[in-house]
Amino acid sequence: MADKKPCLNTLITKLTAADNTVHSLAERLRMIKELISTHCSEEEEICPDVAESDRAVTEAIEKLYVQELATREPEGDA
């Protein structure tokens with residue numbers, strides 16, 4: 001039984017060191033996640049030129065659609 005006691009102490013020491021390492025890594029990961037969430041937003045950044053271009057295209061399509069509806073002859077009895 002005397003031979004097993006130093007072996008158990010060594011095992012406990014190694015497990016304690018491994019537990020400390022895991023705890024340290026978990027803390028570092030938590031800090032990294034916090035930094036990322038603080039400095040990076042989930043919303044995608046939109047370039048002002050792209051937004052303006054999208055609005056212009058939408059307006060042009062709307063105008064074409066309205067013009068097309070205005071030039072059509074009524075269909076059916078309604």
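## Exercises on a predicted model

Glu27 has a relative accessible area of 32% and is therefore partly exposed. The structure treated in these exercises is a predicted model.

**Exercise 1.** Determine which salt bridges Arg30 forms with Glu27 and Glu34, and how the three residues are connected.

*Solution.*

Step 1. In general, side chains of opposite charge can pair when their charged atoms come close. The cut-off to apply is 4 Å between a side-chain nitrogen of Lys or Arg and a carboxyl oxygen of Asp or Glu.

Step 2. For Arg30 and Glu27, the N to O distance is 2.4 Å, and their side chains form a salt bridge. These two residues are 3 residues apart in helix α1, so about one helical turn separates them.

Step 3. For Arg30 and Glu34, the N to O distance is 3.0 Å, and a salt bridge is again present. Arg30 and Glu34 also both belong to helix α1, where they stand 4 residues apart, about one turn of the helix.

Step 4. Through shared partners, the salt bridges link Glu27, Arg30 and Glu34 into one network. The search of the whole structure returns 2 salt bridges.

**Exercise 2.** Classify Arg30 and Glu34 as buried, partly exposed or exposed.

*Solution.*

Step 1. Under 20% relative accessible area a residue is buried, over 50% it is exposed, and in between it is partly exposed.

Step 2. Arg30 has a relative accessibility of 41%, so it is partly exposed. Glu34, with a relative accessible area of 46%, is therefore partly exposed.

**Exercise 3.** Establish how many disulfides the structure contains, and classify Cys7 and Cys47 by accessibility.

*Solution.*

Step 1. A disulfide is a covalent bond between the sulfur atoms of two cysteines. The criterion for a pair is a sulfur separation within 2.5 Å.

Step 2. The search of the whole structure yields 0 disulfides.

Step 3. Cys7 reaches 52% relative accessibility and is therefore exposed. Cys47 stands at 38%, so it counts as partly exposed.

**Exercise 4.** Identify the nonpolar surface patch that includes Leu11, and describe the setting of Leu11.

*Solution.*

Step 1. The members of the nonpolar surface patch are Leu8, Leu11 and Leu15, which together have about 300 Å² of accessible area.

Step 2. Leu11 is located in helix α1, which covers residues 4-39.

Step 3. With 46% relative accessibility, Leu11 is classed as partly exposed. Patch membership requires over 30% relative accessible area, among other conditions.

Note on methods:
Residues are numbered from 1 along each chain as its sequence is written. This is a predicted model: local features need pLDDT of at least 70, side-chain atom pairs count only at pLDDT 80 or more; totals for chains, interfaces and linings use all residues. Side-chain values use heavy atoms; hydrogens and water are left out. Buried means under 20% relative accessible area, exposed over 50%, partly exposed in between (1.4 Å probe, protein chains only). Patches are made of residues with over 30% relative accessible area and no salt bridge: like charges are joined within 9 Å, nonpolar side chains (Val, Leu, Ile, Met, Phe, Trp, Tyr) within 5 Å. Accessible areas come from the Shrake-Rupley method with a 1.4 Å probe; for residues, only the protein chains shown count as cover.
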